[in-house]
Amino acid sequence: MGRRKKEPKSAHREKIASAASVLFMEKGISPTSMDDIAKAAGYSKATLYVYFKNKEEIISILVLDSMKKLYGYISAALEQKETTWTKYNLICQGLVQYQEEFPFYFKMVLDKININFETQDYIPEEKETYQIGEKINEKIKDFLVSGIENGDLKDNLEIMPVIFNFWGMLSGIIQLATNKEEYIKNLMGLSKSQFLEYGFNMLYCSISNK
């Protein structure tokens, strides 16, 4: 019988990052130690450090993965040959789906990311994360500019502030609806989807030309 083919380094890093992701969701990032991650992934602590220098490097892998997933959702929504309003709704529904499938990633995307790459003192994945984030912003910019040119959106919108408010408000509405679902239902008599629809419509009205 031949020897089993040695797994590439990327496979070990993926296995470790996956185990860390589960622990981060269960315990939180700060309480999770490298010992915890090593045990969950089935490695010794010494072996763990062969693949990752520290916990921050593992986190950077997960943040990058989350950005890639988010980019996929946004791209899929904006590739549709639809009206500005329909595309907006597709973005909203894509974000809701993303949050429901990857709640931990959804929170990580909202965290602070490194934007200073003038020195060599940064993790390579951080730069890629930043670049993907910029690609997402560019897609949203194209969406807004197209909406303005079509007469669907207000022509006095300041694009970059709108983009950042857009993310902050949409993500905030989605996270609030998730965290306060029972409260919203009991106080307002609205389901999560009804509350989200109301919030999404309200936000669109603030940039709509109609």
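**Helix α10 and its buried face**

Modeller: Let's start with contacts (heavy atoms within 4.5 Å): of those in the chain with a separation of 6 or more, 65% are between residues 24 or more positions apart. By the way, this is a predicted model, where local features need pLDDT of at least 70, side-chain atom pairs need 80 or more, and totals for chains, interfaces and linings use all residues. Numbering runs from 1 along each chain as its sequence is written, and side-chain values use heavy atoms, without hydrogens or water.

Biologist: What makes a stretch like α10 count as a helix?

Modeller: A helix is a DSSP run of H or I with at least four residues, numbered from the N terminus. Helix α10 covers residues 192-207 and has 16 residues. The chain has ten helices and zero strands (a strand being an E run of at least two).

Biologist: How do you know what span to expect for α10?

Modeller: The rule is 1.5 Å times one less than the number of residues. That gives 22 Å for α10, and its first and last C-alpha are 23 Å apart, close to the expected value.

Biologist: Why are some residues of α10 called buried and others exposed?

Modeller: Buried means under 20% relative accessible area, exposed over 50%, and partly exposed in between (1.4 Å probe, protein chains only). The buried residues of α10 include Phe 195, Leu 196, Phe 200 and Leu 203. Down the axis of α10, the buried residues fall within an arc of 165° (taken from the directions from axis to C-beta atoms), so they line one face. Turned away from that buried side are the exposed Glu 197, Tyr 198, Met 202 and Cys 205.

Biologist: What covers the buried residues of α10?

Modeller: The cover includes α5, α7, α8 and α9.
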